[in-house]
Amino acid sequence: MACGMKLLLVATALSLVLNTQHFVQGRPQVREPQVPCFFIFGDSVSDNGNNNLLPTFAKVNYSPYGVDFPQGPTGRFCNGRNIVDVLAELLGFENYIPPFAYANGSEIVKGVNYASGAAGIRKESGRQLGARISMGEQLKNHRTSVLRIIDILGKRSLAKKHLNKCLYSVGMGSNDYINNYFLPQYYQTSKKYTLEEYAEVLIKQYTQQILRLRKYGARKVSLVGLGLIGCTPDAIKTYGTNGSSCVEKLNNASQQFNQKLVALVDELNTNFTDSKFIYVNSYEMGSGDPTLVGFKVLDAGCCEVDQYGQCAPNKTPCQNRTDYVFWDGFHPSEASNLISASRTYSAYNASDTYPMDISHLVQLQLEPQVTAI
């Protein structure tokens, strides 16, 4: 990445963090969404309520989650907005994208969030925590939405044309490691595969899932790489770092997966010239020095956590939440999400998929700009 781009990202991110502390007067100018619809597939980083009604420990519809969100606890694994909430704002949507569990009526034409905490590419990932909606199940839910959109628009051809214009964000794979491969007491994958072999197995299955999504009309797909899963407070507490700042074996797993994901993105773009697949390099985005953008606490969450690394119910969290990279043992704070979203948005812009104007980024505030579900 060019030095100028790095400086731009740091300056933009710093502005975003500062604006969580000092409100800007007035709201961003109302504008049309840059895409007509936004569909989201993922795990707890993007889940905004799909796990609420499931029998699982991987749900967070209780205090102190949502302490900085107007509607309070909604099922978001964060103190405030998650990354896809902020992306929806940046893309110009008037409302946050609704979770599949609660979406109804014509609102699904503008998009649906299928993300589920503890979910992975593999069906079994996360099962020790209870029910979750794997990538395969999320695709089944999306097929249901597609059929409903056909009914709403009246013609299959109109639905196809509409769905071809949507943006699809897909971020999967973290739980296939932290809630599968690196839990040998529950799963056999680490005994069956080397890390290299496992990454290959995951990408092979992921490829079929992405092709299935394309079959359902997706032509603009953002594939989010794995981040630094070895740098979470829970990872550091569980495995130790042997003098490093993070758990190297977990981060190495992310890198091996990401290398194969990059190759997949290149292959898809070569094979399907009518489509655009974007690789979002979350690993590199998170590799800088967080103190440069105002963070002070890098290796601990803002809330007291339980045995699952989630906030203990009804405990008072820290007051200086914008100082923390992490909200709980695994998930980023809203301040972190603002930065990650701005960098992801810039990645969309750099891909030439959408000619996006980033000048309005500095107008983001702690107060959400769109209506919550």
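1. In this predicted model, helix α7 passes helix α9 in a right-handed crossing. The two axes, for α7 (residues 195–215) and α9 (residues 248–271), come within 9 Å and cross at roughly 40°. That angle makes α7 oblique to α9, since angles under 35 degrees count as roughly parallel.

2. On the α7 side, the contact involves Leu195, Glu196, Ala199, Glu200, Leu202, Ile203, Tyr206, Thr207, Ile210 and Leu211. These residues meet Lys249, Ala253, Gln256, Phe257, Lys260, Leu261, Leu264 and Leu268 of α9. By class, the residues of the contact of α7 with α9 comprise 12 nonpolar, two polar and four charged.

3. A second helix pair is formed by α3 (residues 135–153) and α4 (residues 156–164), whose axes come within 8 Å and cross at roughly 120°. The helices α3 and α4 are therefore oblique to each other, as the roughly perpendicular range runs from 65 to 115 degrees. The crossing of α3 past α4 is right-handed.

4. In this second pair, α3 contributes Val146, Ile149, Ile150 and Leu153 to the contact, and α4 contributes Arg156, Leu158, Ala159, His162 and Leu163. Seven residues of the contact of α3 with α4 are nonpolar, one is polar and one is charged.

5. Helix α11 (residues 334–350) has 17 residues, which at 1.5 Å a residue should span 24 Å. The end C-alpha atoms of α11 are 24 Å apart, in agreement with that expectation.

6. As to the surroundings of α11, 14 of its 17 residues are buried, so the helix is largely enclosed by the rest of the structure. Buried here means under 20% relative accessible area.

Notes:
Residues are numbered from 1 along each chain as its sequence is written. This is a predicted model: local features need pLDDT of at least 70, side-chain atom pairs count only at pLDDT 80 or more; totals for chains, interfaces and linings use all residues. Side-chain values use heavy atoms; hydrogens and water are left out. Axes are lines fitted to C-alpha atoms, for helices over the stretch in contact, and angles run from 0 to 180 degrees between N-to-C directions. Helices (H or I, at least four residues) and strands (E, at least two) are DSSP runs, numbered from the N terminus. Angles under 35 degrees count as roughly parallel, over 145 as roughly antiparallel, 65 to 115 as roughly perpendicular and the rest as oblique. A crossing is left-handed if the near helix is turned anticlockwise from the far one by less than a right angle, and right-handed if clockwise. Contact means heavy atoms within 4.5 Å. Ala, Val, Leu, Ile, Met, Phe, Trp, Tyr, Cys and Pro count as nonpolar, Asp, Glu, Lys and Arg as charged, and the others, Gly among them, as polar. The expected span of a helix is 1.5 Å times one less than its number of residues. Buried means under 20% relative accessible area, exposed over 50%, partly exposed in between (1.4 Å probe, protein chains only).
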